[in-house]
Amino acid sequence: MRLTTFFGLPSSIPFVDIDVDKDIPRFLDPQRIARTAANGDLIAQAADSTIRQFSTQLCQRLTSSSLSERQLGLNMLDNLNEPRETRLGMTRTGYNGHGVHTHFREEIDKAITQDLRALVTVGVFNWLGALPLFVEGFAADRMSDMTTGIIRGHLIDYTKEMIRRYPQFTRKGHRLEQHTMEVWDFSTHQWISRTVDLPTAGGHPILLVPKIWVGKDIELRGQRYYNCQALDYIQKKLVGSNPKAGKVAKRTLKSSYPDVYLVNRNTTLEAYEQGDNLLLKFIDYVDNWDAKSEAA
């Protein structure tokens, strides 16, 4: 049953009309949050700031030579498990999957300390929103889970504001119930427990998510970056080294450079060392393209 039906809400709500009984194939996207923040939305600015601060600190801690700092970095991954409270994602039945902490803690550590170490060292990679561009296995569902965990505190604040705006959450037999969740606290740089009254369905809390933060897929995808930036860079590089040969077709380059994520990492690092930030160019491209698509 949809949220609007369950609580008797109007169809024009600004948050995602989830199914209260199971996950829906929609994903919380850090890039959409970042673009909303750039457009002046205050809660998006707070959420985006937390994601970026969390990301920077995670990279610093995991790549530290100090064992105690590395352990603190691993501890930061403790509460990024698949959230049952948003009902977003691809869980086959219900809304209680396994998540990052159960299956992906080692993979995230490996991604940052091995695959991405060079990009972290030079300062290109310092935001988890870009992880799907450079490391395989971090697609929409996993990134949505991670993002939810990092900004859970902001989603609680947003939900409380929506409860005040829509009295249906506490009418006709509905009532708020007390739930305790782990949220990231940047004043102490650790996870803390937060107890809050939230809407509930099936005995489980509901956190509301702004529609504008959610999509059918995440916007920053490895294959998209490979096609738009990495292969473009290689084309220009080859033309520069042999102008008479002309531009090599991308379909030809794909057979010569088949490893999407390795190519993405290598070209990004090489270009950056020459003063060309392919990642920022790609984000600008995505923002312009997807904003136009949404407006249409």
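Charges, to begin with. This is a predicted model, and in the protein chain there are 37 positive and 35 negative charges, whose mean positions lie 5 Å apart. The exposed surface of the chain comes to about 14,200 Å², with carbon and sulfur atoms supplying 49% of that area.

Now the overall build. The protein chain has 14 helices and 6 strands. Its radius of gyration is 21 Å, and the globule rule gives 19 Å for 296 residues; those values are close, so the chain is as compact as a globular protein of that length. Along the principal axes, the C-alpha atoms fill a box of roughly 75 × 50 × 35 Å. Of the 296 residues, 50% count as buried. As for contacts between residues at least 6 apart in sequence, 70% of them join residues at least 24 apart.

Next, helix α9, which covers residues 140–150. How many of the residues of α9 are buried? The count is 11 of the 11, so the helix is largely enclosed by the rest of the structure. The buried residues include some with charged side chains by name, among them Asp 141, Arg 142 and Asp 145. Also on that list are Met 143, Met 146 and Ile 150, and these three turn up again in the contacts of Leu 128.

So, Leu 128. This leucine sits in the loop between α7, residues 117–122, and α8, residues 131–134. Its relative accessibility is 2%, and since buried means under 20%, Leu 128 counts as buried. Setting aside neighbours within four places in sequence, Leu 128 is in contact with Phe 54, Ser 55, Leu 58 and Ile 112, and with the three α9 residues Met 143, Met 146 and Ile 150. From Leu 128 to Ile 108 there are 20 residues in sequence, and the C-alpha to C-alpha distance is 10.0 Å.

Another loop residue to look at is Glu 219. Glu 219 is in the loop between β6, residues 214–215, and α11, residues 222–241. Is Glu 219 buried or exposed? With 1% relative accessibility, Glu 219 counts as buried. Its side chain makes a polar contact of 2.7 Å with the side chain of Arg 35.

Moving on to helix α10, residues 152–165, and what follows it. Arg 164 is in this helix. At 60% relative accessibility, Arg 164 counts as exposed, because the cut-off for exposed is over 50%. Arg 164 and Tyr 257 are 93 residues apart along the chain, with 54 Å between their C-alpha atoms.

After α10 comes a loop that leads to β2, and Pro 167 is in that loop. Pro 167 is partly exposed, at a relative accessible area of 31%. Which distance separates the C-alpha atoms of Pro 167 and Leu 9? The separation is 9.1 Å, for two residues 158 apart along the chain.

Lys 172 lies in the loop between α10 and β2 too, with β2 covering residues 177–185. Lys 172 is exposed, and its relative accessible area is 84%. The backbone deserves a look here. Most residues other than glycine have a negative phi. Lys 172, though, has a phi near 55°, which is a positive value in a residue that is not glycine.

His 189 is a second case. Its phi is positive, about 60°, and His 189 is not a glycine either. This histidine is found in the loop between β2 and β3, where β3 spans residues 190–198. At 34% relative accessibility, His 189 counts as partly exposed.

Last, strand β3 itself. Val 196 is found in this strand. Val 196 is buried, with a relative accessible area of 7%. Which residues does Val 196 touch, not counting those up to four places away in sequence? They are Ile 156, Lys 160, Glu 177, Gln 178 and His 179. Val 196 and Gln 229 are 33 residues apart in sequence, and 44 Å apart in space, C-alpha to C-alpha.

To put two of the pairs side by side: Pro 167 and Leu 9 are 158 residues apart with 9.1 Å between C-alpha atoms, while for Val 196 and Gln 229 the figures are 33 residues and 44 Å.

Conventions:
Residues numbered from 1 in each chain as written. Predicted model: local features only at pLDDT ≥ 70, side-chain atom pairs only at ≥ 80, totals over all residues. Heavy atoms only, no water. Helix = DSSP H or I, 4+ residues; strand = E, 2+ residues; numbered from the N terminus. Buried < 20%, exposed > 50% of the residue type's maximum accessible area, 1.4 Å probe, protein only. Rg over C-alpha atoms; globule rule 2.2 N^0.38 Å. Contact = heavy atoms within 4.5 Å. Areas by Shrake-Rupley, 256 points an atom, 1.4 Å probe, with all protein chains shown as cover. Lys, Arg positive; Asp, Glu negative; His and termini not counted. Charge placed at Lys NZ, Arg CZ, Asp CG, Glu CD. Polar contact = N/O pair within 3.5 Å; in protein donor to acceptor, adjacent residues only side chain to side chain.
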